[in-house]
Amino acid sequence: MVNLNNLHPHVKKQAEKLEVNANKRLTKYSMKITHGFRSFAEQNALYAQGRTKKGSKVTNAKGGQSMHNFGLAIDICLITPDGKKAVWDTKSDFDKDGKADWMEVVEEAKKLGFAWGGDWKGFYDAPHFEMTGGLTLAQLQAGKRPVFKDVEVESGFSKQVIDKVTTKPKPPVKPAPVKSYSLPTGVYREGDKGKEVKQIQEALDKLNFKLGKIDSHWGQHTTDAMRRFQSVYCNPVDGIYGKNSRAAMLKQLNK
Ligand SMILES: [Zn+2]
């Protein structure tokens, strides 16, 4: 018996009812669920069959393109009376009640709210039944999940079970600078004073090149701090603030 636990709880409940109801009607052969939930990886492996791998094609759906990937579909087969063989005969009336056994299952499935893959014009898929709650594949891929009228608790239907649909990668977003620091553009050196010198002193201090008092006067300590900064981050190491020092300091400040 296939594990139905990863199906949507409502679909699981209806699938279990289908097995009971269908098998009440079928008296010789029985009906069995062969597939329920499939992960994207399992779906991709199935898609490869008959394409890049041996075998005949069984699906047109890649991972994320099948209702099985969202826990909303089941596949069925009939089992011979001895219980040994699976058959996919949709025409035979094995129990001689005037209706093909397969179509009896279809009838029961539709009563429970399933849509049948055998009704599809494009890809006729007789073993397949699904229940989408009115959602399209695109909506499911976008993360919507169906809500069925009689749903009790759906918390058990863990979102982790369903793989994330990989969408086109977004263009990288430029990280916004946390704070934009401004530093003067000119050349400053020992002996200079003013608010530009203060800005440079504050920047050096912020970058942990301590210079004592931030006093807007460029003295020996500021030159030393500037030189230490340059020896780590830029050239020349001359203790004079200029274009290179400014660029290197801004780069460190905006990290
Ligand atoms: Zn299917």
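In this tour, a residue is called buried under 20% relative accessible area, exposed over 50% and partly exposed in between, with a 1.4 Å probe and protein chains only. The structure is a predicted model, in which local features need pLDDT of at least 70 and side-chain atom pairs count only at pLDDT 80 or more, while totals for chains, interfaces and linings use all residues. Residues are numbered from 1 along each chain as its sequence is written, and side-chain values use heavy atoms, with hydrogens and water left out.

**Stop 1: the zinc ion**

Select the zinc ion and display its donors, defined as N, O and S atoms within 2.8 Å of the metal (3.2 Å for Na, K and Ca); water is not among the atoms, so sites may look incomplete. His68 (NE2), Asp75 (OD) and His128 (ND1) coordinate the ion at 1.9 to 2.1 Å. Along the chain, the spacing of these donors reads H-x6-D-x52-H. Histidine 68 belongs to the loop between helix 2 (40–48) and strand 2 (73–79), and histidine 128 to strand 5 (residues 128–130), so the pair ties together parts that are 60 residues apart in sequence. Helices (H or I, at least four residues) and strands (E, at least two) are DSSP runs, numbered from the N terminus. Are histidine 68 and histidine 128 buried or exposed? Both are buried.

**Stop 2: from Asp75 to Arg38**

Keep aspartate 75 selected and add arginine 38. Their side chains meet in a salt bridge at 3.7 Å, N to O; the term requires a side-chain nitrogen of Lys or Arg within 4 Å of a carboxyl oxygen of Asp or Glu. Aspartate 75 is in strand 2 and arginine 38 in the loop between strand 1 and helix 2, so this bridge ties together parts that are 37 residues apart in sequence. Aspartate 75 is buried at 10% relative accessibility, and arginine 38 is buried at 9%. Across the whole structure, a search finds eleven salt bridges.

**Stop 3: helix 3**

Next, select helix 3 (residues 101–111), where glutamate 104 is located. The buried residues of this helix are Asp101, Trp102, Glu104, Val105, Val106, Glu108 and Ala109. What covers them? The cover includes helix 1 (9–25), strand 1 (30–35), strand 2, strand 3 (86–87), strand 4 (115–116) and strand 5.

Centre the view on glutamate 104, which is buried at 1% relative accessibility. Leaving aside residues up to four places away in sequence, glutamate 104 touches Arg25, Leu26, Asp95, Asp97 and Lys99, where contact means heavy atoms within 4.5 Å.

Move along the helix to lysine 111 and glutamate 108, whose side chains form a salt bridge at 3.0 Å, N to O. Both residues lie in helix 3, three residues apart, about one turn of the helix. Lysine 111 is exposed at 60% relative accessibility, whereas glutamate 108 is buried at 7%. Beyond the helix comes glycine 113, with a positive phi near 105°.

Add aspartate 119 and lysine 110, which form a salt bridge with their closest N and O atoms 2.8 Å apart. Aspartate 119 is partly exposed at 43%, as is lysine 110 at 41%. A separate selection of Arg25, Lys99, Glu104, Glu107, Glu108 and Lys111 shows one network, joined by salt bridges that share partners.

**Stop 4: aromatic rings**

Now display the aromatic side chains: a search of the whole structure finds eight aromatic pairs. Rings of Phe, Tyr and Trp (its six-membered ring) pair if their centres lie within 6.5 Å; planes under 30 degrees apart count as stacked, over 60 as edge-to-face and the rest as tilted. The ring centres of tryptophan 116 and tyrosine 124 are 6.3 Å apart with planes at 70°, so this pair is edge-to-face. Tryptophan 116 is buried at 6% relative accessibility, and tyrosine 124 is partly exposed at 48%.

Select phenylalanine 229 and tyrosine 233 for a tilted pair, 5.0 Å centre to centre with 40° between the planes. They are four residues apart in helix 6 (residues 220–233), a separation of about one helical turn. Phenylalanine 229 is buried at 0%, while tyrosine 233 is partly exposed at 38%. Adding Phe209 completes one aromatic cluster with Phe229 and Tyr233.

**Stop 5: a charge over a ring**

Finally, select tyrosine 47 and arginine 51. The charged end of arginine 51 sits over the ring of tyrosine 47, 3.8 Å from its centre; the criterion is NZ of Lys or CZ of Arg within 6 Å of the ring centre and within 35 degrees of the ring normal.
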